Number of protein chains: 2
Amino acid sequence: MAKDPAPALQRRTLTLRDVSDASGVSEMTVSRVLRNRGDVSGPTRERVLAAARALGYVPNRIAGALASQRVNLVAVIIPSLSNMVFPEVLTGVSEVLEDTGLQPVVGVTNYSPEREEKVLYEMLSWRPSGIIIAGLERSPAARAMLENAGIPIVEIMDVDGTPVDSAVGISHRRAGRKMAEAIVQAGYRRIGFLGTMMPHDHRARKRLEGFEAALAAQGLQVEDREFYSGGSALLKGREMTEAIMTRSPDLDFLYHSNDMIGAGGLLWCLNHGIDVPGKVGLAGFNGVELVQGLPCRLATMDACRLEIGRRAAEIVAGKRPDGATSGVVIELEPKLEPGDTIRRI
Amino acid sequence: MAKDPAPALQRRTLTLRDVSDASGVSEMTVSRVLRNRGDVSGPTRERVLAAARALGYVPNRIAGALASQRVNLVAVIIPSLSNMVFPEVLTGVSEVLEDTGLQPVVGVTNYSPEREEKVLYEMLSWRPSGIIIAGLERSPAARAMLENAGIPIVEIMDVDGTPVDSAVGISHRRAGRKMAEAIVQAGYRRIGFLGTMMPHDHRARKRLEGFEAALAAQGLQVEDREFYSGGSALLKGREMTEAIMTRSPDLDFLYHSNDMIGAGGLLWCLNHGIDVPGKVGLAGFNGVELVQGLPCRLATMDACRLEIGRRAAEIVAGKRPDGATSGVVIELEPKLEPGDTIRRI
DNA sequence: ATGAAAGCGCTAACAA
DNA sequence: TTGTTAGCGCTTTCAT
């Protein structure tokens with residue numbers, strides 16, 4: 001599984017020894033000064049700091065980590081950086097880790113289980129203090145690695161499933177259901193779905209499942225659907241909307257699996273003089289801030305991204321009020337933001 | 001400068017020794033098998049791999065790195081993850097590092113020189129094999145760290161300045177100039193500027209400088225300007241456009257410092273029935289794929305993000321045809337994409 | 001093809 | 001308050 005690494009050799013960098021020599025203080029005392037540990041007299045302290053600064057000494061965390069058996073790294077493993085949702089999760093994580101001495105390290109899987117396995121393995125090989133990882137579905141090997149890691153694991157974004165350890169997220173099935181109920185209640189009946197063609201986006205799948213289940217409970221179903229992969233999501237939203245509305249002109253609602261394609265759909269409808277939300281209603285998902293800038297506010301559902309990042313970080317950092325670092329499950333409540341694209345009744 | 005770290009203690013994880021015991025092969029041979037190094041007989045090899053897999057052994061890179069004095073990490077330090085431009089740089093970096101055994105590790109500075117210093121220090125403490133870092137402007141301390149690191153350094157995005165070692169980017173001054181020239185040549189004369197209020201976004205500043213210089217050369221100047229910070233860029237684009245067009249209704253061109261606010265401006269103009277590009281021309285910057293999905297294609301200038309990521313990674317990975325890993329300076333040529341928002345003449 | 005010894009740079013534990 | 005010793009888990013080097 002591990003690839004053959006052949007990185008360049010380091011040029012020799014400064015060691016504690018160099019600072020020790022330059023300051024005339026033992027390595028151990030230098031180490032203490034640099035870590036603010038134990039009692040060191042003022043003058044000694046100053047001399048050490050001066051020497052370290054003058055030399056431009058940067059501690060070697062590799063040696064430090066090996067000796068102390070502690071690593072100030074938290075692995076954060078996410079599927080993508082390019083869809084506006086995960087950067088916000090990272091913001092939440094960073095905020096909380098800021099003053100803990102812990103450092104987030106990001107790994108990206110591109111929604112590929114194989115990449116996830118590899119990224120996880122690489123991360124674990126650095127013996128991080130905790131892992132924050134998106135989703136609950138993964139390969140048996142990846143799950144085994146998480147189970148055996150012996151560190152706090154927080155699976156984020158989703159709570160529809162069984163976490164290895166802790167979980168912080170929303171129920172995407174319930175989110176889909178909730179949206180369907182709001183749509184039906186608003187009087188829409190002929191409903192189309194537009195989404196991504198990503199077999200590994202389990203959260204989008206669960207939203208659709210919940211959505212369809214709720215429709216079925218009302219004797220309704222998704223009348224037509226469109227899927228895309230790759231390219232500009234905004235453009236795809238336009239194109240798919242054109243396609244689906246041409247094929248099924250009597251649709252009165254378009255549910256999009258994310259805000260970006262929802263925005264594309266909205267722009268297409270407005271361009272074509274379609275009465276939104278009178279003739280056609282629209283909704284997206286995620287609650288990205290982009291929707292606030294559209295000609296009218298796209299209905300969406302907040303995925304609680306910032307909050308998820310924060311709560312997950314609190315768990316691995318041991319910052320919860322109850323101090324728990326494992327076995328915590330937090331289900332957040334996504335809020336429906338009806339905006340201007342769902343008819344008020 | 002280093003904060004006091006207090007991460008959790010590791011639970012003991014498996015060591016080479018455990019695999020050695022389980023397979024009845026010496027630690028040394030186990031190590032060789034796991035790294036595909038040296039000659040190991042087929043049967044021995046199998047036994048070791050079987051044992052490692054059965055136990056779920058994950059090598060300890062910390063110990064490995066300390067012993068071998070090599071680290072397969074490349075630090076990538078960028079100002080932000082939330083503005084669509086850096087994720088694409090990262091994609092380019094990852095692509096190239098993919099099959100080199102090197103791993104990118106991302107640090108985010110939020111355009112703060114202090115954070116940059118801290119992130120850089122943290123990164124260096126892990127003794128990475130190379131550094132890819134955005135921009136050429138930084139604190140003297142940060143510059144000193146880069147100079148003394150003794151590893152390949154690639155400063156990216158910008159070439160208007162003096163790199164510590166290597167640089168890959170575009171000239172933002174020239175980009176601004178080029179845009180101004182195109183605008184003037186298209187016949188626009190009363191030009192407004194909309195941008196971010198970020199004193200540390202040196203590239204945006206340089207673009208504006210180049211832009212104004214080119215206008216001045218034609219006896220023109222920026223007639224009015226608006227700045228924003230924070231919030232939804234798309235919404236800010238709308239709001240700023242409304243503000244500037246209300247205050248200076250005779251403006252005939254709006255130059256935006258990025259595509260997102262440009263898109264907001266475009267949507268505002270279209271909503272208000274303003275003839276684009278007849279009455280008012282518009283342009284953004286970056287060439288993000290979002291612009292393809294707008295009602296009409298916003299003029300923009302490709303910032304060569306993917307290419308920058310790739311070329312930078314090639315340098316640190318020693319993958320250039322000439323094998324150079326230092327002192328390489330590559331200036332890429334940003335392409336003007338006139339779209340539909342600059343009048344054709 | 002395999003093993004033994006030394007040591008990477010630091011910190012824990014103990015001694016003075 | 002400061003110093004000494006041992007060793008973290010691995011790889012390098014050298015021996016067999």
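This dialogue covers DNA strand C and its protein surroundings, then a sheet in chain B.

Student: What kind of model is this, and how are residues numbered?
Tutor: This is a predicted model: local features need pLDDT of at least 70, and side-chain atom pairs count only at pLDDT 80 or more. Residues are numbered from 1 along each chain as its sequence is written.

Student: Which residues surround DNA strand C most closely?
Tutor: A residue is near a strand if one of its heavy atoms lies within 4 Å of it. Here 23 residues surround DNA strand C, and the closest are A:L16, A:S31, A:Y57, B:R32 and B:D39.

Student: Where do polar atoms meet the phosphate oxygens of DNA strand C?
Tutor: A polar contact is a pair of N or O atoms within 3.5 Å; within protein, one must be able to donate a hydrogen and the other to accept it, and residues adjacent in sequence count only if both atoms are side-chain atoms. A polar backbone atom of A:L16 is 2.5 Å from a phosphate oxygen. For B:T44, a polar side-chain atom lies 2.6 Å from one.

Student: Which element gives the most to this surface?
Tutor: Helices (H or I, at least four residues) and strands (E, at least two) are DSSP runs, numbered from the N terminus. α4(A) gives the most to the surface near DNA strand C, with four residues.

Student: What is the strand order in the open sheet of chain B?
Tutor: Two strands pair if DSSP finds at least two bridges between them. The six strands run β2-β1-β3-β4-β5-β11, with parallel pairing. β2 (103-108) and β11 (329-331) of chain B each have a single partner strand, so one side of each is left without a neighbour in the sheet. β1 (residues 73-78) pairs with β2(B) over six bridges. There, B:I78 stands opposite B:V108.

Key:
Chains lettered and ligands numbered in written order. Heavy atoms only, no water.
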